[in-house]
Structures are given as C-alpha cells and as structure tokens.
Amino acid sequence: MKTALITGANKGIGFEVCRQLGEKNFHIILTARNKERGLTAVDKLKENDINAEFILMDVSNEESVSNAFNKFKELNLKLDVLINNAGILIDKTSIIEIDTEAFVNTMFTNSVSVFWVIKYFLPLINDKGRIINMSSGLGAFSEMSNYAPSYSVSKAAMNALTKQFSFALESKNIAVNSVSPGWVRTDMGGANASRSVEEGADNAVWLASEADIQLTGKFFRDRKEIEW
Ligand SMILES: NC(=O)c1ccc[n+]([C@@H]2O[C@H](COP(=O)([O-])OP(=O)(O)OC[C@H]3O[C@@H](n4cnc5c(N)ncnc54)[C@H](OP(=O)(O)O)[C@@H]3O)[C@@H](O)[C@H]2O)c1
C-alpha cells in the first residue's frame, strides 16, 4: 500500500484528493491546521473504508511543520506521494493597495510552506516518490492577470520551487510537478466556478497514481503540460 500525505486537506480540493487516492488504496495522511476539522475529515474518509490518519500541520509555521514530521516518523512509514495543497487567497486588490501582513501571510502559506514541507519530509520520501504542488493558472506568467496579485506572486514562487526541487531530486528519481486544477467550486473558488471538486482533484490524483515518473519539473492542467 502506498502512502500519500496531503496538506490543507480538511476540505475542498485537498479533501477530494484524499478521497480519490484513498479509493485507489493509498494510505492517506490527511493534514490540516485545525485539529477538530482535520479529525472530522478523517472520520468521513474512514466511513468510506479509507485507511486514513490525521496529523496537525499549519504549513505557514515552521515549528508546526517540524512537529508534523516528528508525528509522521512515529508511524514508521515512508512517503510515496507528498501533495502541497494548502493555500489561501486573501487579496483581491491592487498590489499597491494590499497591506504588508496579507502579502507576507500569503507568501508564507502558499510558497515558503512548500520549501519547509519538502525539506522536512524529504528524508522519508521513497525513491520514485512524487511531490505535487497545487498551483494555479494565476501563478503562470503566461496567464497572469492583476486579479489577486499576492496570490499570483506566491503561486509563481511555488512554481519556481517546483523547478528547483525537480533539478535537485532528479538523481533520486523523485518527480516534482505543479498542477493547475482550473476554477473549482470550493470555499476559495466560490459557487460560480466552472469545475466540480472531482474535476479539480483529477490532475493531482493522476500524477500521484498513474503518470510516468519521468515527467518532472513540469506544470499540468487536465493531464496535459501547460506553459509556466
Ligand atoms: N478553487 C479554485 O478554483 C482553485 C484554483 C486554482 C488553485 N487552487 C488551489 O488549490 C488548493 C486548494 O484550494 P481549495 O479551492 O480547495 O480551497 P479551500 O476550500 O479554501 O481549502 C484550502 C485548504 O487549505 C487550508 N489551509 C489554509 N491555510 C493553511 C495553513 N496555514 N496550514 C494548513 N492548511 C491551511 C485550509 O484550511 P482551513 O479549513 O483551516 O482554512 C483548507 O483546508 C489551494 O492551494 C488553491 O490555491 C484552487
């Protein structure tokens, strides 16, 4: 049985990725920053006969990431798939109007977190393991607009981290990729979004379970490579 750890997975796309990978017989490590919400989400997976455990992790806090890694070590497991899914979108204003705290919070939650989570969990990622960063079209230079500027900057930085870790981990046969889920009906995407959570989760699930391990350092949407 393969093991997958997903960050920010108590709801939305992250929870759906857990559900779909669980149905594919993955052992799920569901992480979230809120214990109650995380445990409730794990209970929902267990009701569907999915093998799942909860670990508390606030990805924007290095100590919390370190504590989560220590909890994971106690399980005596290795990781086959790590999915950096946790994210926030809190700015919908011009870059010259956004306040510093919101900008910094966005950068820590959406980008610096990816650096910490990979650095801490890397020693326990298996050869031929996979790291998947849940990015966004808003983080692509080829698609970027002035909607949610700090979110865009943070996802562009996440994409750069994908490239850097893919170079560094090529010799270990660990594939590192970014995915854009499209516009998805979640608390973040809103009710008018064009895609269901099932559709939004598909790309990450495909990369985690089916895609060729040679595919690394790339950006995907709908199982196809897209421009950075
Ligand atoms: N929905 C879209 O249209 C869309 C489009 C492109 C990319 N994405 C990306 O897809 C990912 C999932 O988004 P979603 O639509 O599922 O959003 P969502 O429903 O708002 O879920 C976001 C998740 O991230 C968690 N989170 C936020 N900050 C965290 C932190 N510091 N530590 C740990 N967990 C944290 C949230 O936990 P709480 O419940 O505790 O807040 C929640 O579980 C995000 O990275 C987002 O940027 C979404």
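The legends below accompany close-up views of a predicted model of a protein with its ligand.

**View 1. The residues that surround the ligand in the predicted model.** The shell around the ligand holds 29 residues, and of these Asn-10, Arg-33, Asn-85, Tyr-151 and Thr-186 come nearest. Sorted by class, this shell is made up of eleven nonpolar, twelve polar and six charged residues.

**View 2. Polar atoms of Val-59, Asn-85 and Thr-186 beside the ligand.** A polar backbone atom of Val-59 is 3.0 Å from a nitrogen atom of the ligand, while a backbone N or O atom of Asn-85 lies 2.7 Å from a ligand oxygen atom. In Thr-186, by contrast, the side chain supplies the N or O atom, which is 2.5 Å from an oxygen atom of the ligand. Of the 890 Å² of accessible area that the ligand has on its own, the protein covers 94%.

**View 3. The ligand in the largest pocket.** The ligand takes up the space of the largest pocket, and the elements that give two or more residues to the shell around the ligand are helix 1 (12–23) and helix 5 (149–169).

**View 4. The lining of the largest pocket.** This pocket has a volume of about 1100 Å³, and of the 40 residues that line it, Gly-87, Ile-88, Tyr-151, Thr-186 and Met-188 are the closest to its centre. Two or more lining residues come from each of helix 1, helix 4 (100–121) and helix 5, and helix 1 gives the most, with three residues. The lining as a whole divides into 15 nonpolar, 17 polar and eight charged residues.

Technical notes. Residues numbered from 1 in each chain as written. Predicted model: local features only at pLDDT ≥ 70, side-chain atom pairs only at ≥ 80, totals over all residues. Heavy atoms only, no water. Near = heavy atom within 4 Å. Polar contact = N/O pair within 3.5 Å; in protein donor to acceptor, adjacent residues only side chain to side chain. Areas by Shrake-Rupley, 256 points an atom, 1.4 Å probe, with all protein chains shown as cover. 1 Å grid on protein atoms, 1.4 Å probe; cavity = no way out; pocket = protein on both sides within 12 Å on 5 of 7 lines; lining within 4 Å. Sits in = over half its atoms within 2 Å of the grid points. Helix = DSSP H or I, 4+ residues; strand = E, 2+ residues; numbered from the N terminus. Nonpolar A, V, L, I, M, F, W, Y, C, P; charged D, E, K, R; others polar. Points joined across faces, edges and corners; volume = space filled by probe spheres on them.
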